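Q: Please take a close look at how the interior of this model is packed. A connected account would be welcome, one that sets the interior in the context of the whole chain and of the parts around it.

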Amino acid sequence: MNIKAFTLAEVLITLGIIGIVAALTLPALIQNNRNKELQTGLKRSYSILGQALNMYQAENGERITPDMNLQWSLKTLLMKYLKTIKDCGYGAKDDSSCIPNYGTDNENNSTNYTTYTGKKLDLQFFDDGQFILADGSLVLLESISSERLYISVDVNGYKKKPNRLGQDLFMFQVDKKGNLRPMGAAGTDFYDKKDSYCSSTSNNTRNGMGCTYKALTEPDYFKNLP
């Protein structure tokens, strides 16, 4: 009786083909999975932060607005309405911070955040308060004047890459009515018709700050990251 079977050479060839296919497809699958996680994290953070602002209003009868000029007190106020696991200080020349800001001297920053296209990022809009939420995301605040109130979030935490604006670091703006708005929407500070704040071809030093609106509204945004 003849028993048909694969020869050793045939098995090795088949395994080789499977290995080649895996090598070609696995990186894309990993990248797609990571991008999906970032998209989910952004939507979750948007919801959590919005709920915190709503809880403040329910308890105090008013919205948080820029003209309250909260400055460094904003951190303590927001943490009351969020589940946090670590207070990271403030950031401005603060060695105890998760992300210390030493001005333009980013060589000394513990984590090198970059713009949308990978250039050094000035951390001046992220150093008025920092804390880590229960899901591991890092919240960064900016409330230095009566005109500016930004809430930013690194949706996968500062210890995980890419640490880029518009990829895992996203900015929101609290407007004069107390609404939490995704940065890059019309009327926010980093909205630009020419896309200088969210473009793979822009050389703007703040490129990426206006990407949040796109990330929330464009279905293929995370598939086309630079």
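A: About 12200 Å² of accessible surface belongs to the chain, and carbon and sulfur atoms hold 54% of that area. The model is predicted. Of the 226 residues in the chain, 46% are buried. Three helices and six strands make up the secondary structure, and from the N terminus on the elements follow the order α-α-β-β-β-β-β-β-α. Among the contacts with a separation of 6 or more, 53% are between residues 24 or more positions apart.

The interior is best approached through the largest nonpolar core, which has 33 residues. Those with the most contacts inside this core are Ile-64, Leu-78, Phe-131, Val-139, Ile-151, Tyr-221 and Phe-222. At least two residues of the core are supplied by each of H1, H2, strand S2 (130-133), strand S3 (138-145), strand S4 (148-154) and strand S5 (169-174). The largest share, six residues, comes from H1. A second, separate core of 20 residues has Phe-125, Ile-132, Leu-140 and Met-171 among its members.

Tyr-221, one of the residues with the most contacts inside the largest core, merits a separate description. Leaving aside residues up to four places away in sequence, Tyr-221 touches Tyr-116, Gly-166, Cys-198, Cys-211, Lys-214 and Ala-215.

The loop between S4 and S5 deserves attention next. Pro-162 lies in this loop, and a cis peptide bond with an omega of about 15° joins Lys-161 to Pro-162. Asn-163 is found in the loop between S4 and S5 as well; although not a glycine, Asn-163 has a positive phi of about 50°. Asn-163 counts as buried because its relative accessible area is 6%, and the cut-off for buried is under 20%.

A positive phi of about 65° is found at Asp-195, which is not a glycine either. Asp-195 belongs to the loop between strand S6 (180-182) and helix H3 (212-217). Its relative accessibility is 28%, so Asp-195 counts as partly exposed.

Lys-161, one partner in the cis peptide bond, is also among the residues that line the largest pocket. The rest of that lining consists of Arg-34, Glu-37, Leu-38, Gly-41, Arg-44, Asp-135, Val-155, Asn-156 and Lys-160. The lining divides into six charged, two polar and two nonpolar residues. The space in the largest pocket comes to about 160 Å³.

Asp-67 completes the account. This residue is found in the loop between helix H1 (8-60) and helix H2 (73-79). Asp-67 counts as exposed because its relative accessibility is 57%, where the cut-off is over 50%. In sequence, Asp-67 and Lys-177 are 110 residues apart, while in space their C-alpha atoms are 9.8 Å apart.

In summary, the interior contains a largest nonpolar core of 33 residues and a second, separate core of 20 residues. H1 gives the largest share of the 33-residue core. Around these cores, the S4 to S5 loop holds the buried Asn-163, and the H1 to H2 loop holds the exposed Asp-67.

Definitions and conventions. Residues numbered from 1 in each chain as written. Predicted model: local features only at pLDDT ≥ 70, side-chain atom pairs only at ≥ 80, totals over all residues. Heavy atoms only, no water. 1 Å grid on protein atoms, 1.4 Å probe; cavity = no way out; pocket = protein on both sides within 12 Å on 5 of 7 lines; lining within 4 Å. Points joined across faces, edges and corners; volume = space filled by probe spheres on them. Nonpolar A, V, L, I, M, F, W, Y, C, P; charged D, E, K, R; others polar. Helix = DSSP H or I, 4+ residues; strand = E, 2+ residues; numbered from the N terminus. Buried < 20%, exposed > 50% of the residue type's maximum accessible area, 1.4 Å probe, protein only. Core = buried A, V, L, I, M, F, W, Y, C linked by side-chain atoms within 4.5 Å. Contact = heavy atoms within 4.5 Å. Areas by Shrake-Rupley, 256 points an atom, 1.4 Å probe, with all protein chains shown as cover.
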